[in-house]
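Open the model in your viewer and keep the sequence panel in sight. We will go stop by stop, selecting a few residues at a time.

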Amino acid sequence: VTGVQTCALPIFFEMNGQERSFLSSAAGIYYNIGVGYTLNEHHQRAILAFSRALEYQPDKVKSLIRLSEAYNAWGVELQLKGHFEEAHNAYLQAIEIIPKNADAYFNIGALHYTQGNYVRAIDSYKKAMEINDGSRYILFNMGLAFLANGDISSANQTYARAIRELGKEEGLRVGAPIDLAHFINSQKGNYLAVNALQIIELYWP
């Protein structure tokens, strides 16, 4: 699957109620098939099913949302397998379908971080938070990206904001101290590792 290819079925006459009902039923069938594939984590098949549903009802919002979510989930699967370029393309496809897909922006940020593109990671994290204020837990990820990029001041400020707005328990829930510990191990005792240790000792002693 390389992209969404949806189009309205060619109708050269005014549909009657029975014909409209048929299109709605067909769209519903493919939609439900897509939901089933999603539940079983068959993301590529879910993408195909939701795309078919949209062929019958191109303006069906719930199918568009599901299709965007399926692309995002497929991106995660690809990323875990190490297929980073394909994962990035899947995330971008999710955003093309639903521009305000905060999860896809977050995943792009995480992908950029994994690849050492820390500035791009920060930008993607910021975009995710702009879309969904409820995703402020991303502050912990953003703080780590600032730290990895060598911007200690912004890192300290971001972690302080995260603790102030969300609390230490939320940091534990999302694994912030564990991420910092992994970062410390990767830095082999340099000044960034020292600062990371200071953050842990300050908030999670």
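This tour of a predicted model visits three pairs of packed helices and then a pocket.

**How to look at a pair**

Two packed helices are described by the angle between their axes and the distance between the axes. Keep both in mind at each stop.

**Stop 1: α2 and α3**

Select residues 43-56, which form helix α2. Add residues 61-80, which form α3. At what angle do α2 and α3 pack? The angle is about 160°, and the axes lie 9 Å apart. Angles over 145 degrees count as roughly antiparallel, so α2 is roughly antiparallel to α3. The crossing of α2 and α3 is left-handed.

Now show side chains. On the α2 side, pick His43, Gln44, Ala46, Ile47, Phe50, Ser51, Ala53 and Leu54. From α3, the contact includes Leu64, Leu67, Tyr71 and Trp74. Colour the contact of α2 with α3 by class: 11 residues are nonpolar, 4 are polar and 2 are charged.

**Stop 2: α3 and α5**

Keep α3 and add α5, residues 102-114. The axes of α3 and α5 come within 10 Å and cross at roughly 15°. These two helices are therefore roughly parallel to each other. The crossing of α3 and α5 is left-handed.

Which residues of α3 meet α5? Select Asn72, Val76 and Gln79. Across from them, in α5, are Asp103, Ala104, Asn107, Ala110, Leu111 and Thr114. The contact of α3 with α5 has 4 nonpolar, 4 polar and 1 charged residues.

**Stop 3: α8 and α11**

Clear the selection. Pick residues 152-166 for helix α8 and 191-203 for helix α11. Their axes come within 11 Å and cross at roughly 20°. Thus α8 and α11 are roughly parallel to each other. Is the crossing of α8 and α11 left-handed or right-handed? It is right-handed.

Show Ile152, Asn156, Tyr159, Ala160 and Ile163 of α8. They make the contact with Tyr191, Leu192, Asn195, Ile199 and Tyr203 of α11. By class, the contact of α8 with α11 has 8 nonpolar residues, 2 polar and no charged.

**Stop 4: the largest pocket**

Rolling a probe the size of a water molecule over the atoms shows where empty space is left. How much space lies in the largest pocket? About 370 Å³.

To centre your view on the largest pocket, select Gln79, Ala110, Tyr113, Thr114 and Tyr125. Of the 16 lining residues, these are the closest to the centre. Next, colour α3, α4 (84-97), α5, α7 (138-148) and α10 (176-187), the elements that each give two or more residues to the lining. Which element gives the most to the lining of the largest pocket? It is α5, with 5 residues.

Last, colour the lining of the largest pocket by class: 10 residues are nonpolar, 5 polar and 1 charged. Gln79 and Ala110 already appeared at the contact of α3 with α5, and here they sit among the residues closest to the pocket centre.

Note on methods
Residues are numbered from 1 along each chain as its sequence is written. This is a predicted model: local features need pLDDT of at least 70, side-chain atom pairs count only at pLDDT 80 or more; totals for chains, interfaces and linings use all residues. Side-chain values use heavy atoms; hydrogens and water are left out. On a 1 Å grid over the protein atoms alone, a cavity is a set of points where a 1.4 Å probe fits but cannot get out, and a pocket is an open set with protein on both sides within 12 Å along at least five of seven lines; lining residues have an atom within 4 Å of a point. Grid points are joined across faces, edges and corners, and a volume is the space filled by probe spheres set on the points. Helices (H or I, at least four residues) and strands (E, at least two) are DSSP runs, numbered from the N terminus. Ala, Val, Leu, Ile, Met, Phe, Trp, Tyr, Cys and Pro count as nonpolar, Asp, Glu, Lys and Arg as charged, and the others, Gly among them, as polar. Axes are lines fitted to C-alpha atoms, for helices over the stretch in contact, and angles run from 0 to 180 degrees between N-to-C directions. Angles under 35 degrees count as roughly parallel, over 145 as roughly antiparallel, 65 to 115 as roughly perpendicular and the rest as oblique. A crossing is left-handed if the near helix is turned anticlockwise from the far one by less than a right angle, and right-handed if clockwise. Contact means heavy atoms within 4.5 Å.
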